[in-house]
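Reader: I would like the reasoning behind the labels, not only the labels. Please take them one at a time.

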Amino acid sequence: MTSTTDRTAVTATAVADILKVPGPRPPRPTAWSTSLSFGWRALLKIKHVPEQLFDVTMFPIMFTLMFTYLFGGALAGSTSAYVQFLLPGILVQTVVMITMYTGLTLNKDIEKGVFDRFRSLPIWRPSPLVGALLGDVVRYTIASIIVLILGLVLGFRPDGGLVGVVASIGLLLLFSFSLSWIWTMFAMLMRTEQAVLGVSMFILFPLTFASNIFVDPATMPGWLQSFVGVNPISKLVTALRGLMAGSVEVAELTVVFGWCAGFVVIFGPLTMRLYNRKS
C-alpha cells in the first residue's frame, strides 16, 4: 500500500512539473475590455437590486403624463398638439435628471472602500469610472424608450421617422454620458450621497426648467431669454426637435457636440485626478 506521505510527495511533484510547463500567458486586459467588465458589474447591480430601475421607469411616465395633461390645453390648445412640442424636451429632461444617480452610486462605492481595491488592480485606471458610465447608458436607453412609447400612445408623430428618432436618442445618450462626468467629479469631492444629490439637484433644476423644454422662450423676459439661449439643455432640446422633425440643424448639432467634448475634456481629467488622489 502506498503511504499517505508518498502520495503527498507524488502530488507535489506533479504540481511542480505542471507549473514548469511553458504555456501562453493570458492576454493583458485592454482598456475597452476592462471598461466593459465594470459596465457589466453596474448592470449586475441592477439585476440584484431591481428597485434601481424605479427612476428610469416611473419617473418618465409621471413626468410625461403630468406635463402633457397639466399644460397641454393651456399652452397649445390641446394635449395632442402640445405633445408634439413637449416630447423631445421631456425626453431630454427625463434622461438628464437621472444622470445624477451616476454620482450617487460611485460615492456609495467609494464609501464602502470598493474603489480602493479597483485602484490596486493592473488595469487601465479610468476603467471603473468609464464602466460605471457605460452601464448607466443602458438605464438612459430604457428611459428613452419608455418616454417614446408613451409619447406615441399620446399622439406624438415624428416627421423624421425612425432615422430621426434613433439619431435623437443617440445624441441624447452621448450628451448624458458626457454630462455624467460632472457627477463623477462630485462623487469624489463630496463625503456623502446626500451631498452629491443636493449639489446635483441644485445644478440640474435651473438648467432643465429655465430652458425651452416646456414653452417657447419668446414669451420669457429678456434676461431669462439670454440664459435660455446659452443653456446647453436648450441647445440639446432644439437639436432633438430638429432631428425628430426631419430638419437637421447643423449649427445646433455642432454646439451640442461642443458641449459634450467640453464636459469630457474638462471634467474627465479632473475626475481622474481626484480618483487617483483619493485615499
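**Rings, burial and charges**

Author: Phe63 and Phe67 sit four residues apart in helix α3, about one turn of the helix. Helices here are DSSP runs of H or I with at least four residues, strands are E runs of at least two, and both are numbered from the N terminus. This is a predicted model, in which local features need pLDDT of at least 70 and side-chain atom pairs pLDDT 80 or more, while totals for chains, interfaces and linings use all residues. Residues are numbered from 1 along each chain as its sequence is written, and side-chain values use heavy atoms, leaving out hydrogens and water.

Reader: How many helices and strands does the chain have?

Author: Twelve helices and zero strands. From the N terminus on, the elements run α-α-α-α-α-α-α-α-α-α-α-α.

Reader: How many aromatic pairs does the structure hold?

Author: It holds ten. Rings of Phe, Tyr and Trp (its six-membered ring) pair if their centres lie within 6.5 Å; planes under 30 degrees apart are stacked, over 60 edge-to-face, and the rest tilted.

Reader: Why is the pair of Phe63 and Phe67 called tilted?

Author: The ring centres are 6.1 Å apart and the planes stand at 40°. That distance is within 6.5 Å, and the angle is neither under 30 nor over 60 degrees, so the pair is tilted. Both residues are buried.

Reader: What makes Phe209 and Phe214 a stacked pair?

Author: The centres are 5.6 Å apart, with 25° between the planes. The distance passes the pair limit and the angle is under 30 degrees, so the label is stacked.

Reader: Which residues do the ring pairs link into a cluster?

Author: The cluster holds Phe63, Phe67, Phe71, Phe205, Phe209 and Phe214.

Reader: Why is Phe214 called buried, and why is Phe209 called partly exposed?

Author: Buried means under 20% relative accessible area, exposed over 50%, and partly exposed in between (1.4 Å probe, protein chains only). Phe214 has 10%, so it counts as buried. Phe209 has 37%, so it counts as partly exposed. Phe209 is placed in helix α9 (residues 193-209).

Reader: Which residues does Phe209 contact beyond its sequence neighbours?

Author: Leaving aside neighbours within four places, Phe209 touches Phe67, Gln93 and Phe214. A contact means heavy atoms within 4.5 Å.

Reader: What makes Thr94 buried?

Author: Its relative accessible area is 1%. That is under the 20% limit, so Thr94 is buried. Thr94 belongs to helix α4 (residues 79-98). Not counting residues up to four places away, Thr94 touches Pro60, Phe63, Ala143 and Val147.

Reader: How do you know that Arg241 lies over the face of Phe85?

Author: Arg241 is 3.7 Å from the ring centre. A charge sits over a ring if NZ of Lys or CZ of Arg is within 6 Å of the ring centre and within 35 degrees of the ring normal. The distance fits the limit, and Arg241 is listed as lying over the face.

Reader: Why is the contact of Arg41 with Asp109 called a salt bridge?

Author: A salt bridge is a side-chain nitrogen of Lys or Arg within 4 Å of a carboxyl oxygen of Asp or Glu. In Arg41 and Asp109 the closest N and O atoms are 3.3 Å apart, so the pair qualifies. Arg41 lies in helix α2 (residues 31-48) and Asp109 in helix α5 (residues 100-112), so the bridge ties together parts that are 68 residues apart in sequence.

Reader: Are Arg41 and Asp109 buried or partly exposed?

Author: Arg41, at 26%, counts as partly exposed. Asp109, at 5%, is buried.

Reader: What makes Arg139 and Asp136 a salt bridge?

Author: The N to O distance is 3.2 Å. That is within 4 Å, so the pair meets the definition. The two residues are three apart in helix α7 (residues 127-154), about one helical turn. Both are buried. The structure holds two salt bridges.

Reader: Why does Leu65 count as partly exposed?

Author: Its relative accessibility is 33%, which falls between the two limits, so Leu65 counts as partly exposed. Leu65 lies in helix α3 (residues 54-76).

Reader: How much of the chain is buried?

Author: Buried residues make up 43% of the 279 residues.
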